[in-house]
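Please open the structure in a viewer and keep the selection tool at hand. The stops below proceed from one selection to the next.

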Amino acid sequence: MKIFMIGDSTMKYNNIYSYPQVGWGQVLHLFAKNDCLIEDHAENGRSTKSFIEEGRFDVILNRLQPGDYVLCQFGHNDEKINDPSRYTDAYGVYQENLKYFAKRTEEKGCHIVYATSITRHKFENGKCINSHQDYPQAMLDFAKEYGYTCIDLNKLTIDLYNKLGEEESKKFHMIFPAGTYAAHPEAKDDHSHLVMEGALMVAETFVRALAKTTDPLKECFLDLQNKEPIDEKMLID
């Protein structure tokens, strides 16, 4: 079986030219069982609207086989109100597009799971705040109305950032001085996109939250509560 991931840059698979940026979809396979393959089709800057209109979802529909899964995380770019090619109203076209993803996925005999947008590293008065307006709640409301699983990564990551604090949680993002990385010789102060540590954190957060549901997708992932034994003798060089 396969999991097809659809979303934006926070989920995207990055190559060496954009290192150290890493999307959480890029590392999700590390938490998956061997018989589950993951295709990360998330793309920079896309909203539900542009992902559909550019034909990106059609590519996935043509690849889906009965029993496959679609994992959907959008919202970062649906809120771009000054860009008509991407903007959707949270309780209008955004929810309509989420429903479209579900309808077409189910027509293929497949199953869809949703995840709200991860938080930006945005703090006010010492607290990480929701910077995604109504989009996380609109996705949660949609999922509740139609009976879909939705992992609230927005809340889970906000809660974690508030637990760690503003400075400690910077380690998850593209925040570093000039000269640190060859691909980014300039300094970066990017509080939206993730580095490896952030991507691993989000992927693990997703898997742990999914395990608490009854959704069949959870069977694709390792049991993080009970680590499989390792033959330590085989690790000796």
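Select Leu160 first: leaving aside residues up to four places away in sequence, Leu160 touches Phe172 and Met201. This is a predicted model, and the tour treats it as such throughout. Leu160 belongs to helix 6, and its relative accessible area of 23% makes it partly exposed, since burial requires a value under 20%. Now measure from Leu160 to Met201: 41 residues separate the two in sequence, and their C-alpha atoms are 9.8 Å apart in space.

**Helix 6 against helix 7**

Extend the selection to the whole of helix 6, residues 153-164, and add helix 7, residues 196-211. How do the axes of the two helices cross? They come within 11 Å, at an angle of roughly 120 degrees. Helix 6 is therefore oblique to helix 7, and the crossing is right-handed.

Display the side chains at this contact. Helix 6 contributes Leu153, Leu156, Thr157, Leu160 and Tyr161, which meet Met201, Val202, Thr205, Phe206 and Ala209 of helix 7. Sorted by class, the residues of this contact comprise eight nonpolar, two polar and no charged.

**Helix 7 and its surroundings**

Keep helix 7 and hide helix 6 for a moment. Helix 7 has 16 residues and reaches 23 Å from its first C-alpha to its last, close to the 22 Å expected at 1.5 Å a residue. Which residues of helix 7 are buried? They are Gly198, Ala199, Met201, Val202, Ala203, Thr205, Phe206, Val207, Ala209 and Leu210.

Next, bring back what lies over these buried residues. The cover includes helix 1 (24-27) and helix 6. Among the strands that contribute to the cover are strand 3 (69-73), strand 4 (111-115), strand 7 (150-151) and strand 9 (188-194).

**From helix 7 to helix 4**

Pick Thr205, one of the buried residues of helix 7, and draw a distance to Glu106. The two C-alpha atoms are separated by 26 Å, and the residues are 99 apart along the chain. Glu106 is found in helix 4, where a relative accessible area of 41% makes it partly exposed.

**Helix 4 and its two partners**

Select helix 4, residues 93-107, together with helix 5, residues 135-146. Their axes are 10 Å apart and the helices pack at an angle of about 45 degrees. That angle makes helix 4 oblique to helix 5. The crossing of helix 4 past helix 5 is right-handed. On the helix 4 side, the contact is made by Tyr94, Gln95, Leu98 and Lys99. The helix 5 side supplies Tyr135, Ala138, Met139, Asp141, Phe142 and Tyr146. In terms of class, this contact of helix 4 with helix 5 has seven nonpolar, one polar and two charged residues.

Replace helix 5 with helix 3, residues 56-63. At what angle do the axes of helix 3 and helix 4 cross? The angle is roughly 20 degrees, and the axes come within 10 Å. Helix 3 and helix 4 are therefore roughly parallel to each other, because angles under 35 degrees are counted in that category. Helix 3 passes helix 4 in a right-handed crossing.

Show the side chains here as well. Phe57, Asp58 and Leu61 of helix 3 make the contact with Tyr100, Phe101, Arg104 and Thr105 of helix 4. By class, these residues are four nonpolar, one polar and two charged.

**Backbone stops in the loops**

Finally, turn to the backbone and select three loop positions in order.

- Tyr19 and Pro20: a cis peptide bond joins them, with omega about 15 degrees. Pro20 sits in the loop between strand 1 (2-7) and helix 1.
- Asn125: phi is positive, about 55 degrees, although the residue is not a glycine. Asn125 occupies the loop between strand 5 (123-124) and strand 6 (127-128), and is exposed, with a relative accessible area of 83%.
- Gln133: phi is near 55 degrees, again a positive value in a residue other than glycine. Gln133 lies in the loop between strand 6 and helix 5. Is Gln133 buried, partly exposed or exposed? At 48% relative accessibility, Gln133 counts as partly exposed.

Definitions and conventions. Residues numbered from 1 in each chain as written. Predicted model: local features only at pLDDT ≥ 70, side-chain atom pairs only at ≥ 80, totals over all residues. Heavy atoms only, no water. Axes fitted to C-alpha atoms, helices over the stretch in contact; angles between N-to-C directions. Helix = DSSP H or I, 4+ residues; strand = E, 2+ residues; numbered from the N terminus. Parallel < 35°, antiparallel > 145°, perpendicular 65-115°, else oblique. Left-handed = near helix turned anticlockwise from the far one by under 90°. Contact = heavy atoms within 4.5 Å. Nonpolar A, V, L, I, M, F, W, Y, C, P; charged D, E, K, R; others polar. Buried < 20%, exposed > 50% of the residue type's maximum accessible area, 1.4 Å probe, protein only. Expected span 1.5 Å × (residues − 1).
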